[in-house]
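User: I would like a close look at one part of this protein, with the terms explained as they come up.
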Amino acid sequence: MHHPGPPRFVSVGDRVELAPRNPDPEATYVWRIERAPAGSDATVDDRPVQWFRPDAPGEYVLTLDAPDGVHRQTIRCFDVDVAADAGGEGDTHGSGGVLDVAAKGDAGTSGYGHDMTGPDDHGGGRPRIHLDGRVAGDSVVVEADARTNPDGGGSAASLDVTFVFDDRDDLRAVDASADGRQLRIPLNQLPERARVHAVAVSETGYSVPDAIELVRDDAAPGGVVVRRPYDPPAWATDAVYYEVYLRTFAPEAEHGGTFQAIADRLDHLADLGVDVLWLTPVLAADHAPHGYNITDFFSLAADLGDREEYRRLVERAHDHGMRVLFDLVLNHSARAHPYFEDAYQNPESDYRDWYEWQPSGEPGTYFDWEHIANFDFETLDVRRHLLDAVDTWAPLVDGFRCDMAWAVPDGFWREVHDRVKARDAEFLLLDETIPYIPDFQAGLFDVHFDSTTYAALRSVGTGWAPASALLDAIEERAEIGFPDHARFLLYAENHDETRYRVECGRPAALAAAGALCTLPGAPLVYAGQEFGQLGRRDALVWDVTDDALTDHYRRLLSLRQTMPALAADAALERIDYTVREGDPERVVAFGRVNDGRDTDPEYDANTDAGGSTVDGASETGDPAEAMAAVVVCNFAADPAIVDLGVSAGAHDAATGDSVATTGGVRVDSVAILPASPSAFDGGA
């Protein structure tokens, strides 16, 4: 099917990529504007892939004439500003229609006007939205939880909500009704599959879109399965990730034996507590040992092993309970790729339009990287080639780590997302985007590299910033527009960065390990990080290791996976703590609470879902039962004594040792103390 995909949401002046999906490079595709708001002068041209720029607020409906029929694409455009690096290149729905719902309870109407109140009522920054659905009587009810930006204040009641039906489904706006934050679809109007998209809108911006999918199933309660397609696979949310830099991980490997040598070291990773194995690129590449300069998107690098050995490595990882991520490089090829070699300085080449070209005649690239050339995604042959590569490797692995995700058009990632999820709903898409981009949450990627917390960890470790900057970094996620259901990968180092221990010292490295395993997100360990490797890409020295550091990681990673208070969706709570002894700038303390308060604003933090008290949940002292915890990280070389200001246990959950002392708790690097959720009822 060549339909261009889900609805798009943009601001006036943003660009929207228009492209047929699953393209046939030999076919003809024609775009037309079927409907546009009054006063719009926006146009399209005769290219199959192009950038459309809405110039007036309202609803645009474009049609794509394709070999398999005519497809509609609706673009919902708002007259509000969203930061350019926050995405904004969205999608809406054409034939389905738009329901704009004023949150004050007005009945929903078809159209694109908003009942906006003054800016003081809305607050600043992008709002956030979360959709859920249920069968109620003879209808399906979709509910929108719209929230203002936490940095801007204002009332959530002042936000408007725009619901949008997906053009690919046989559902129209007239088939539904809206009242306040609820959209109601009669069951007799519901097709076999329906996707509902929505944004929250304020005077200052619109939210990252969210979506819900409704699928008819006679075996399901009410005959409908409700899915949240933008949520990550359950296995990925609280997993421990481990990066293997292929050509140095197993220095004992002989030529062509790297895959087997990695498989032989999986026992170490299993003992460490690893759930997900990220392998740097395995494809044929040029001379650079990192492997990111691809010369053949369909062949493995000969020095690593053949396809059967790669398949056996994945199977062995599965036998150890680990998933495997394929490092997907789509933005560019190596200049040594035969297609580029044919195209370079050859205007007559069949591959000339595969690449971006500078006026100088050199290929487009980034950061003066001299060995790569950027693909031109306006060329259907490029899209077809890369989609075929996705189809080749996705069935062999459990997910893609997507390199330079920011350098590939959003629309192409949406197609990759829908393509791999249609084959395996549990397939993971992890984006490397620096800085991270909130709109990449909306049907592009499942989990996001948290480069902001990484930078804070480095600044704290070197003493350039106070340790409390870590909490600011976590809170920035929501402040720049990520919804509460977004998930993140926490890291302190990787193959592109100096080892944390080298830059910040061993005491800070111990505390950083504690932060990775206790802050909201999933921890990543770069090969060698767990035993004190000093070289960034040097061969790992397996026979000279810091065993105490390894034990430290093993304990923390185990606790991270078993303690409910440290789960990815547990709330982060600031507490009023005082450093009695030690350097206050090098210490941070915070709470983690897993009682539903972050996902349900009506939740009573003193009761569980059944109405019983949760105050005693941690009184057994068993971390596996602790629904709350206080965490203290000390980045200094000397111990700190910290008065926590809240009630918590006296024994570190990771070591079992008592940390109680006169004036508070004594913390060498990190302490994790079980607590009761009620200890934080008066907190921020």
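What share of the contacts in the protein chain with a separation of 6 or more comes from residues 24 or more positions apart? After that, please look closely at the pair of helices H13 and H14.

Analyst: This is a predicted model, in which local features need pLDDT of at least 70 and side-chain atom pairs count only at pLDDT 80 or more, while totals for chains, interfaces and linings use all residues. Residues are numbered from 1 along each chain as its sequence is written, and side-chain values use heavy atoms, with hydrogens and water left out.

The share is 70%, where contact means heavy atoms within 4.5 Å.

The protein chain has 14 helices and 36 strands; these are DSSP runs, numbered from the N terminus, with helices (H or I) of at least four residues and strands (E) of at least two. Helix H13 covers residues 506-518 and helix H14 covers residues 547-562. Their axes come within 9 Å and cross at roughly 15 degrees. Axes here are lines fitted to C-alpha atoms, for helices over the stretch in contact, and angles run from 0 to 180 degrees between N-to-C directions. H13 and H14 are therefore roughly parallel to each other, since angles under 35 degrees count as roughly parallel, over 145 as roughly antiparallel, 65 to 115 as roughly perpendicular and the rest as oblique.

On the H13 side, the contact is made by Arg506, Leu510, Ala513, Gly514, Leu516 and Cys517. They meet Ala548, Leu549, His552, Tyr553, Leu556, Leu557 and Arg560 of H14. The residues of this contact divide into nine nonpolar, two polar and two charged. Ala, Val, Leu, Ile, Met, Phe, Trp, Tyr, Cys and Pro count as nonpolar, Asp, Glu, Lys and Arg as charged, and the others, Gly among them, as polar.
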